[in-house]
Amino acid sequence: MTKTDPATRLQFTQHSGEYDGVNPAITDSSTFRFDSASLMTDCFEGKLEGAFLYGRHWNPTNFELSKALAAIENSEAAWVTGSGMAAITTTILQLCSAGDHLITSVTTYGGTFAFFKNVLPRFKVEVTFVDITNLEQVKAAVKPNTRVIYTETLTNPLLKVSDLPGLATIAHSQGIKLVVDNTFTPMVVTPIDHGADIVVHSLTKFINGKSDGIGGAICGSWEFINSLSNLNDGMAMLLGPVLEPLRASSIHKNLFTLHLRMQQHSKNAQFIAEKLAAAKLRVTYPGLPTDSQHDMMKKLMNPAYGFGGILSIDTGTKKLANDLMVAMQNREVGFIAVSLGYFKTLFSNSGTSTSSEVPTDLQHSMGLSPGLVRIAIGIDQDIENTWGLIHAALKEVNLI
Ligand code: PLP
């Protein structure tokens with residue numbers, strides 16, 4: 001491992017806390033004291049470096065988590081939010097005003113799609129949905145008022161890999177910001193190394209890894225992060241999507257096992273994907289050499305962490321998808337549940353759950369089958385045994 005490895009960068013952010021605790025102390029204060037009234041004035045005027053003012057603006061516990069996330073994502077700075085959606089909406093509202101234009105991948109998390117389709121037009125921000133893997137289409141969508149190109153490194157749920165260097169070239173030649181949601185691939189891909197300007201995360205998923213809390217993060221330059229917390233027009237300051245410091249502290253400690261968890265998620269997903277492919281099922285996983293996204297993923301990935309923990313099976317119909325999920329749950333493969341990055345395997349039928357915001361005709365035209373089962377593979381020690389359980393479930397529903 002070199003110093004540029006995300007886990008190694010993270011390792012050097014951990015310093016002992018107050019009273020020499022090995023973890024940073026939790027700062028359970030929403031407001032902070034000043035030695036004099038004039039220092040408080042200086043702080044409000046932005047003349048006081050490093051002072052904490054009020055918990056909606058910054059909190060020392062959130063600052064520690066932010067530094068650790070910035071290390072993972074190789075950004076100058078970060079700001080943590082109460083959810084992944086808060087990170088996305090805060091970032092976009094900071095970057096776009098009425099009259100601006102945004103280009104987005106048509107395949108994104110359903111909540112993101114709904115925000116772009118249903119909410120941004122209410123604020124007169126025009127949105128163009130494109131096939132993000134088609135750079136000619138992206139280029140053709142650019143207008144003089146385009147402010148943002150938005151994508152997910154590995155898109156939810158179709159597992160398309162964004163050509164980040166190609167998108168960055170288009171964006172930067174026109175003064176556009178490239179914003180990338182890296183929720184599916186922390187450690188696996190470092191989008192800033194490939195030209196992204198801002199990286200957003202749902203911490204709720206792999207990064208926390210426990211499915212016990214909701215959180216988000218925005219990673220970018222100090223200039224951008226400071227603009228978010230500007231007292232007069234910063235969207236983080238004015239919309240108030242701050243993460244609760246108690247939760248920030250619990251998420252922070254989970255970051256230090258992320259590299260091991262990602263390696264195990266990827267190893268297990270690769271094993272199951274190969275078995276499914278050998279059984280002639282319609283499986284999508286970028287780690288399969290036959291997968292259309294394999295070469296792009298190889299170009300972008302930090303190889304120590306594999307191809308990620310998510311795969312999908314197209315069963316053909318909603319009924320078969322539902323039957324398969326029940327059969328897998330009955331055999332304790334995992335749970336029928338949305339979300340991902342949990343230590344146990346989670347599965348859902350994307351079209352009727354996390355992409356249900358996308359109209360059915362659009363689901364069809366983008367290639368989202370009603371029978372798609374997204375499987376977020378857990379960190380099971382004995383993955384051969386898990387495969388035995390999945391195999392039995394597939395047999396029960398006559399898919400093999
Ligand atoms: N981004 C992606 C890729 C997601 O899958 C999700 C949720 O599933 C989100 C963002 C939203 O995150 P949160 O639920 O933490 O708001």
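**A friendly note on two domains and three unusual spots**

1. Let's start where the two halves meet: 41 residues of domain 1 are in contact with 39 residues of domain 2. Please keep in mind as you read that this is a predicted model.

2. Where do these domains sit along the chain? Domain 1 covers residues 6–255, and domain 2 covers 258–396. If you take the C-alpha centres of domain 1 and domain 2, they lie 27 Å apart.

3. Now for the area between them. About 3,300 Å² is buried between domain 1 and domain 2, and carbon and sulfur atoms give 70% of that area. On the domain 1 side, look for Leu159, Val188 and Phe206: these supply 21% of the area that domain 1 buries against domain 2, more than any other three residues.

4. What holds for charged and polar pairs here? The count of salt bridges between domain 1 and domain 2 is zero. Polar contacts, on the other hand, do occur across this interface, with eleven residue pairs found, both partners at pLDDT 80 or more.

5. Which helices of domain 1 should you look at? α1 (6–11), α5 (110–119), α7 (164–173) and α10 (245–255) each supply at least two residues of the side that touches domain 2. The largest share, five residues, comes from α5. Sorted by character, the residues on this side of domain 1 divide into 22 nonpolar, 14 polar and five charged.

6. Next come a few spots in the backbone. As background, most residues other than glycine have a negative phi, and most peptide bonds are trans. With that in mind, find the peptide bond from Asn156 to Pro157, which is cis, with omega near 5°. Pro157 has its place in the loop between β4 (146–152) and α7.

7. Ser211 is worth a stop too. Although Ser211 is not a glycine, its phi is positive, at about 50°. You will find Ser211 in the loop between β6 (198–202) and β7 (216–220). Is Ser211 buried, partly exposed or exposed? Its relative accessibility is 39%, so Ser211 counts as partly exposed.

8. Last, have a look at Glu332, another residue other than glycine with a positive phi, here near 65°. Glu332 lies in the loop between α13 (318–330) and β10 (334–336). Is Glu332 buried or exposed? The cut-off for exposed is over 50%, and Glu332 has a relative accessible area of 61%, so Glu332 is exposed.

Conventions
Residues numbered from 1 in each chain as written. Predicted model: local features only at pLDDT ≥ 70, side-chain atom pairs only at ≥ 80, totals over all residues. Heavy atoms only, no water. Domains from an automatic or database assignment. Contact = heavy atoms within 4.5 Å. Buried area = accessible area lost by both parts, 1.4 Å probe. Salt bridge = Lys/Arg side-chain N within 4 Å of Asp/Glu carboxyl O. Polar contact = N/O pair within 3.5 Å; in protein donor to acceptor, adjacent residues only side chain to side chain. Helix = DSSP H or I, 4+ residues; strand = E, 2+ residues; numbered from the N terminus. Nonpolar A, V, L, I, M, F, W, Y, C, P; charged D, E, K, R; others polar. Buried < 20%, exposed > 50% of the residue type's maximum accessible area, 1.4 Å probe, protein only.
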